[in-house]
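Notebook open. I want to go through some strands, then the cysteines, then the salt bridges.

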Amino acid sequence: MKKSKTKSYTIGIAVFMVLAIIIFFGRIVDFLVNIQWYKQLGYLSVYFTRIKATLLLMVPLFIILYIGIWLYYKGIRKNIIKMRKVIEVNTDRRKLERKIFILANTLFSLFVSYLVASSFWYKILQFLNSSDFSVKDPIFNKDISFYIFKLPLIDSLYQAAMGLLVFIVIITVATFFITLTSGITGGFKKDLVIDSDTIKNGLIQFAGKQLAVIAGLFLMLGALGFFLKGYKIMYSSNGAVYGAGYTDVKVTLLMSRVLAVACLISAVVVFVSLLKSKVKPIVISIAAIVVLMIVNAAASVVVENLMVKSNQMAYEEQYIKNDIAYTRKAYNLDNLEDVSYPVSNTLNKKDIENNKDIIDNIKLNSYKQSLDFYNQVQAMKYYYNFNDIDIDRYTVNGKYTQTFLAPREIKSDSITPATWLNQHIIYTHGYGVVMSKVSSVTSEGQPDFIVRDIPVDNESGIKVDNPRIYFGESTNEYAIVGTTAEEFDYPNGSSNKYNKYEGNAGIKLNFGNKLLFGLAEQDPNFLTSKYITGDSKIIINRNIMDRVNAIAPFLKYDSDPYMVAADGKLYWIVDGYTYSDMYPYSQPTNGLNYIRNSVKVTIDAYNGDVNFYIVDDKDPIIKSYDGIFKGLFKKASEIPQAIKEHFRYPEDLFNIQCQVLGKYHVTDPVSFMTGEDLWQVATTQKDVSQDKSASETSYMVTRLPGETKEEMVLLNYFNMNNKENMSAMLGVRMDGDNYGKMVLYRFPTQQTVYGPFLFQNNIKQDTDISKELSLWNTNGSHVEFGDTIILPVNNSLLYVEPLYIIADGKNSIPEMKRVIVSNGDKIIMAEGIDKALATIFGIDNGGSAPTTGPATPGQTSGGVSSEVLKQAKAFYDSALEAQKQGDWAKYGEYIKKLGDILGGTGQLQTEQQAQPQGQTTK
């Protein structure tokens, strides 16, 4: 008998294990793959941090839940037997019922404990590793760390406990009704009469003690909930500003404390009353709580609407100050340098000559058009792609130079034929980078390349020993290296060059791993391919964002990773953010109300090595993470200097700060409440015929007012709310010790300062320029504005707008054909910035006499004769007429002649020669 029983238990356990493996097979495979990958990267301890924390929390939770459910079931079962008035004699049925309960209790307790542990492990570790902010809130005088690290856990546990109690009550009541309505054999009682007395008395007899305990716990938790509600006024949006206002502090907080005490008293009353089967005290207790809640709501409405709103500044001034101060602190705007910048528009020839370093680095190439050009001209083959262009600064041939840099990545989904061998073994990597000067273009209006082509033609003096890119922004397929097949390296004329990977990335593909990855990828090629040997390795998670998110998913990452060339290698840099939505009194933006760029992540483009560096050790959240994830973060002092020189202030963070600053640049509570000085991020226009959109932040190399050295900065412009007049300019520095220092330049409020869109409107309203824009913006091409640059120079503003002409069509090549420059009332369009500046300021440009002031008769402000314009207009009209008549040969002929004139190759003809046949000049 014992052997039979042991055998059945063994079979049951085996069946259970097999079922568990089948159900969780995918997760088991992922777990084994993850162990290998994290170990190869050196972050296995980080991966196990979560697992260990989850298990340490899950085991005691499982034991408590299992015992609690068992005790609860035991008490309920006795009541069921008593209610049915039977004596249990079927021992086999009892044994089966017990086995089913044990299995169900085990599975339920495992599921719930895992769910809770996997949800709360991180909050518990943060609670235990909290770090002080050394800033206290103005209401409760608690360090901000309480709100960031502790309150979220307490509130989450409260919510979970309330949910569990509600679930138990539902199960208890459901069990009671099933027992009440069913007979001994399980059928329904036909003659049963159910009324309120039957339910009340029956339920109390059935589970009175259990419900008394639950009701008492429920009200005790209710007391905790009201107590926590007092702290939550720090996130109130009921008052004049975000955070606790007068009504929240004087009414809501007081009533929350009263309700908490009332709940504690009611917990005792309800517990005792349920045991004594007395309903009246329970009703009175619950009614008292409901009445107090109604009083709280009514008092809040009355005080807010009858007292506070009509005397808002008298009651709310201090709370408005709190909102301003804590919001600015949370977004790291409290140390902003705020200066007045008088706009005099008195720039002259001498100013331009004295600021030659600024002029030489003006950004003439624009991101969108340059990226299009790179992909058309420098991709070289269809399976290469430039996913992005990154702006940076390098010392090029001894000169501090602003550059565009783009990595040439492999585009796996474009490989034809798309065989497994091609996608994963042959075409494994991208090749090289392309670099051009941002401040200059070729005579054709194209980017001025200093690194280009395959093999790499490098004129920059920047060393890149290994141009192969195995990890990138769009490198999404795994690669198998070290096979018997040769890896394609790059095309070389009619033949190809091949290479063998010699880096340290990848997991060895022994038989066990071939089987493992074959299961993970659901691909038998791992086991059947003859190209894979014992020396082969598989490289996974090659997308750099997947890579960093897998290691540290608790950070937010900037949407624009950028590549740098340093010490002969190519590295990706990703900005990591710590954040929270629990900073008291701080106005939420994009779902958060605290953010810091505390981490810089570097990824080796060849080896895939990932390093996380703490660059803001004053941030309490990163200190907490450093305590939780031992060995993940390195100190800022360990960052190689060659990489550190290329750190950029992250654009996503800057955009959030600009959004907040639009309102919170005002620090006076009266002005803040009246809203008299609201700003918005300036708008701009990209296509001359399309609607405006928000201005994009712009990295540029320049010299800020009062500084003696050029540096890389990030600039954005602010307009008055719902207007196009510019109110201010925000710059953040990023070179050397000045990294992260922000300067706000406020423009005079009593004068009109053109924002980017207003400047572009001025361009289109200039009669001479608008004629040329109309001619270029024909059916065969269109005109696009580049990045609008507004530079502060000697108490003036210099406006620069590159102009691109782009042929319509899928594979058109954008070329920068003109530069528009303005200073105050003067606006000039010319073929280059030097010519435009020479015209405005009378600078001698190569010995030719510059033109100053208005354009001479018969000449546009861009230097184009009126005769040429007449010819162009005549050819344009003729082309349209030929199009209407369906004469496509003539149409093509006129468009070609028009293109020759616009491109500067057409010769000035006599009026009779220029006039197309059958047409008259207007």
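For the strand check I need one cut-off first: buried means under 20% relative accessible area. I also keep in mind that this is a predicted model.

**Strand S33.** I looked up residues 826-830, which make up strand S33, and found the strand mostly covered, with four of its five residues buried. Next I looked for its partner. S33 pairs with strand S32 (residues 815-823) in the antiparallel sense, over five bridges. Across that pairing, Lys826 of S33 has Asn823 opposite. The two strands make a hairpin with two residues between them. I checked the turn as well: Gly824 sits there with a positive phi of about 75 degrees.

**Strand S25.** Here I got five buried residues out of five, for residues 698-702. Side chains in a regular strand alternate between the two faces of the sheet, so I split the list by side. On one side I have Ser698, Met700 and Thr702, on the other Tyr699 and Val701, and all are buried, leaving both faces of S25 covered. S25 runs antiparallel to strand S26 (residues 711-720), and five bridges join them. I noted one bridge pair: Met700 goes with Val713 in S26.

**Cysteines.** How many disulfides does a search of the whole structure find? Zero. I looked at two cysteines anyway. Cys263 counts as buried because its relative accessibility is 2%, and Cys658 counts as buried at 1%.

**Salt bridges.** My search of the whole structure gave 23 of them. I pulled out a few.

- Glu784 and Lys368 meet through their side chains at 3.5 Å, N to O. This pair links distant parts of the chain, 416 residues apart: Glu784 is in strand S29 (residues 781-785) and Lys368 in helix H12 (residues 367-377). Buried or exposed, for Glu784? Buried, because its relative accessible area is 9%. Lys368 has 43%, so I logged Lys368 as partly exposed.
- Arg393 bridges to Asp392, with the closest N and O atoms 3.3 Å apart. Both Arg393 and Asp392 are buried.
- Lys817 bridges to Glu815, with 3.1 Å between the closest N and O atoms. Lys817 is partly exposed at 28% relative accessibility, whereas Glu815 comes out buried at 18%.
- I also found a network: Arg452, Asp453, Asp457 and Glu459 are joined by salt bridges that share partners.

Definitions and conventions
Residues are numbered from 1 along each chain as its sequence is written. This is a predicted model: local features need pLDDT of at least 70, side-chain atom pairs count only at pLDDT 80 or more; totals for chains, interfaces and linings use all residues. Side-chain values use heavy atoms; hydrogens and water are left out. Buried means under 20% relative accessible area, exposed over 50%, partly exposed in between (1.4 Å probe, protein chains only). Two strands pair if DSSP finds at least two bridges between them. A disulfide is a pair of cysteine sulfur atoms within 2.5 Å. A salt bridge is a side-chain nitrogen of Lys or Arg within 4 Å of a carboxyl oxygen of Asp or Glu.
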